[in-house]
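Here is a short briefing on pockets, one serine and the salt bridges of a single protein chain. Look over the sequence and the structure before reading on.

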Amino acid sequence: MTEIPQSPRRSPEPRAARDWVKLLSEYRDPDTTRSWFELAVTIGPFVLLWALAWWSLGVSYWLTLALSSLNAAFLLRLFAIQHDCGHGAFFRNRTLSDWLGRVLGVLTLTPYDVWRRSHSIHHSSAGNLGRRGMGDIHTLTVAEYRDLTPYNRLMYRLYRHPLVLFGLGPGYLFFLQNRLPLGLMETARYWISAMCTNAAILALLGLIFWFGGLMPILLIFLPSTLLAATAGVWLFYVQHQFETTHWEAEEDWQLHDAALHGSSHYVMPAVLQWLSANIGIHHVHHLHSRIPFYRLPRVLRDHADLATGNRMTIRESFQNARLHLWDEDSRRLLSFREARTLIG
């Protein structure tokens with residue numbers, strides 16, 4: 001009997017970015033009990049470590065620094081919870097989410113309403129070359145860099161240097177820039193958010209100074225805040241700054257394509273993924289920002305296509321710190337050295 005030749009089986013076509021949004025909506029609604037649990041297992045250790053660090057001031061300053069450094073991880077996770085509050089992804093009750101976000105904003109030195117607005121702009125414009133400037137890492141194209149004066153080239157190179165982005169930048173962003181509603185100065189609501197947050201921070205620091213003097217501020221508050229800020233800036237950087245990221249001119253830009261192809265899947269060990277509240281699953285988050293962070297791993301388990309897309313290991317991510325210019329022809333993020341031949 002002659003066998004009938006079988007046609008080769010074709011792989012299914014990749015799902016369009018827009019189609020993912022409807023599919024992912026089933027993961028959207030927060031579980032109130034789970035949200036309270038996640039808050040408790042984050043704020044509880046944060047307060048406990050603060051108390052232990054304060055106690056350790058009478059034992060060893062090195063022990064104090066070690067405890068405050070550890071506590072930076074829980075402060076980072078509190079910021080991630082605040083982030084979900086801003087997206088309405090932590091509680092079903094939006095008012096409750098907003099007020100929790102405002103309270104956490106005092107601990108993270110981030111005026112919640114100001115941040116929520118600028119972060120919303122980031123989500124609605126990520127990867128759009130015509131809408132850069134708020135809530136993102138400033139990125140120039142090769143052509144734009146070529147047209148700069150030597151002085152402005154130097155300024156851009158300094159800005160993109162790792163010592164500035166991840167050394168000076170986090171402290172400047174959280175201690176200084178966040179004190180004013182920059183970019184939103186004409187709206188009273190954002191001034192109120194910034195000034196009320198500033199007043200609450202000063203009151204909290206005043207209480208700490210009243211009961212403990214200067215050392216709890218110098219050895220607990222400052223180290224934990226700076227380390228958490230640095231980790232947060234690094235995570236934000238690698239989420240969109242990688243070689244094959246996605247940028248388009250405004251007339252060609254499409255929201256969902258930019259979300260899926262311009263956001264990374266940062267693969268970390270389980271403990272780091274937990275402490276960062278799964279923010280490394282950033283391509284899924286940008287596709288549907290209303291999904292609570294604790295449901296993001298389930299999305300990857302259910303959808304292998306998303307689990308394999310834009311994967312980046314920690315080792316690979318360190319290479320991204322040398323990429324600075326977007327080449328519109330090759331559609332790659334380049335280092336200054338790689339762009340040199342194009343610039344001439």
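**Ser118 and its surroundings**

Leaving out residues up to four places away in sequence, Ser118 touches Met134 and Gly135. The model is predicted. Gly135 turns up again in the largest pocket, among the five lining residues nearest its centre.

- Ser118 sits in helix 5.
- Is Ser118 buried or exposed? Ser118 counts as buried, because its relative accessibility is 17% and the cut-off for buried is under 20%.
- The Ser118 side chain also makes a polar contact: it reaches the backbone oxygen of Trp115 at 3.0 Å.

**Largest pocket**

- The volume of the largest pocket is about 1,100 Å³.
- Its lining is made up of 40 residues. Nearest the centre are Gly135, Asp136, Leu173, Gln177 and Phe236.
- Four elements give two or more residues each to this lining: helix 3 (61-86), helix 5 (112-125), helix 8 (162-176) and helix 10 (215-240).
- Which helix gives the most to the lining of the largest pocket? Helix 8 does, with seven residues.
- By class, the lining of the largest pocket holds 24 nonpolar residues, 15 polar residues and one charged residue.

**Second largest pocket**

- The second largest pocket holds about 280 Å³ of space.
- It is lined by 14 residues. Leu76, Ala231, Trp234, Leu235 and Leu272 are the closest to its centre.
- Helix 3, helix 10 and helix 12 (270-275) supply at least two residues each to the lining of the second largest pocket.
- Helix 10 gives the most to this lining, with five residues.
- The lining of the second largest pocket divides into 12 nonpolar and two polar residues, with no charged residues.
- Helix 3 and helix 10 serve both pockets: they are listed for the largest and for the second largest.

**Salt bridges**

- How many salt bridges does the count come to? The count is 13.
- Glu144 and Arg132 pair through their side chains, at 2.7 Å from N to O. This pair links distant parts of the chain, 12 residues apart. Glu144 lies in helix 6 (residues 142-146), and Arg132 lies in the loop between helix 5 and strand 1 (140-141).
- Glu144 is partly exposed, at 29% relative accessibility. Arg132 is also partly exposed, at 26%.
- Arg28 and Asp29 form another salt bridge, with their closest N and O atoms 3.7 Å apart. Arg28 is partly exposed, with a relative accessible area of 33%. Asp29 falls in the partly exposed class too, at 38%.
- Arg332 bridges to Glu338, and here the closest N and O atoms are 3.7 Å apart. Arg332 has a relative accessible area of 27%, so it counts as partly exposed. Glu338 is partly exposed at 31%.
- One network, built from salt bridges that share partners, joins Arg94, Asp98, Arg102, Asp113, Arg116 and Arg189.

Conventions. Residues numbered from 1 in each chain as written. Predicted model: local features only at pLDDT ≥ 70, side-chain atom pairs only at ≥ 80, totals over all residues. Heavy atoms only, no water. 1 Å grid on protein atoms, 1.4 Å probe; cavity = no way out; pocket = protein on both sides within 12 Å on 5 of 7 lines; lining within 4 Å. Points joined across faces, edges and corners; volume = space filled by probe spheres on them. Nonpolar A, V, L, I, M, F, W, Y, C, P; charged D, E, K, R; others polar. Buried < 20%, exposed > 50% of the residue type's maximum accessible area, 1.4 Å probe, protein only. Polar contact = N/O pair within 3.5 Å; in protein donor to acceptor, adjacent residues only side chain to side chain. Contact = heavy atoms within 4.5 Å. Salt bridge = Lys/Arg side-chain N within 4 Å of Asp/Glu carboxyl O.
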